[in-house]
Amino acid sequence: MKKTGLSRGFFYKNPIVRDTMNEAIEQQAGMIDPRREILNMAMEKQIELLNQKVTALTRENRELKKANEKLQKALRKQDLNFIKNL
């Protein structure tokens, strides 16, 4: 701000300048804290594992719904046969 003579608001309200500033801050933070990259990699791996689990559970849920539907259909059929035999 002092070197450019521009107002503080210019740096915060201008989206292009703000994005550039945020990128520079992130790069500097990465240089200062090397653990950040390791943590990011660990989090990405965790997200990948959780996504795989969600996919597997979704598949299992779909299969269970189909089985439930078949059982309910069989039960209705059995109930109808019971009523007919009365």
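**Opening question**

Is N81 buried, partly exposed or exposed? N81 is partly exposed, because its relative accessible area is 39% and the class runs between buried (under 20%) and exposed (over 50%), with a 1.4 Å probe and protein chains only. N81 belongs to helix 3. Its C-alpha atom is separated by 44 Å from that of Q52, the two residues being 29 apart along the chain.

**Model and confidence**

This is a predicted model, in which local features need pLDDT of at least 70 and side-chain atom pairs count only at pLDDT 80 or more, while totals for chains, interfaces and linings use all residues. Residues are numbered from 1 along each chain as its sequence is written, and side-chain values use heavy atoms, with hydrogens and water left out.

The predictor's confidence in each residue is given as pLDDT, from 0 to 100. For the protein chain the mean pLDDT is 87, and 93% of its residues reach 70 or more. Among the elements of the chain, the highest mean pLDDT, 92, belongs to helix 3, and the lowest, 79, to helix 2 (residues 15-32). Helices here are DSSP runs (H or I, at least four residues), numbered from the N terminus.

**Surface patches**

R59, R62, K66 and K70 form a positive surface patch. Patches consist of residues with over 30% relative accessible area and no salt bridge; like charges are joined within 9 Å, and nonpolar side chains (Val, Leu, Ile, Met, Phe, Trp, Tyr) within 5 Å. Lys and Arg count as positive, and the place of a charge is NZ of Lys or CZ of Arg. A salt bridge would put a side-chain nitrogen of Lys or Arg within 4 Å of a carboxyl oxygen of Asp or Glu. Within this patch, R62 lies in helix 3, which spans residues 35-85. R62 counts as partly exposed because its relative accessibility is 47%.

A nonpolar surface patch of about 390 Å² is made by F82, I83 and L86. Accessible areas come from the Shrake-Rupley method with a 1.4 Å probe, and for residues only the protein chains shown count as cover. F82 is in helix 3 and is exposed, with a relative accessible area of 56%.

**Distances between residues**

Q28 lies in helix 2 and is partly exposed, at 49% relative accessible area. From C-alpha to C-alpha, Q28 and E48 are 27 Å apart in space, and they are 20 residues apart in sequence.

Q46 is found in helix 3; its relative accessible area of 40% makes Q46 partly exposed. The C-alpha atoms of Q46 and I25 are separated by 26 Å, with their positions 21 residues apart along the chain.

Key: Helices (H or I, at least four residues) and strands (E, at least two) are DSSP runs, numbered from the N terminus.
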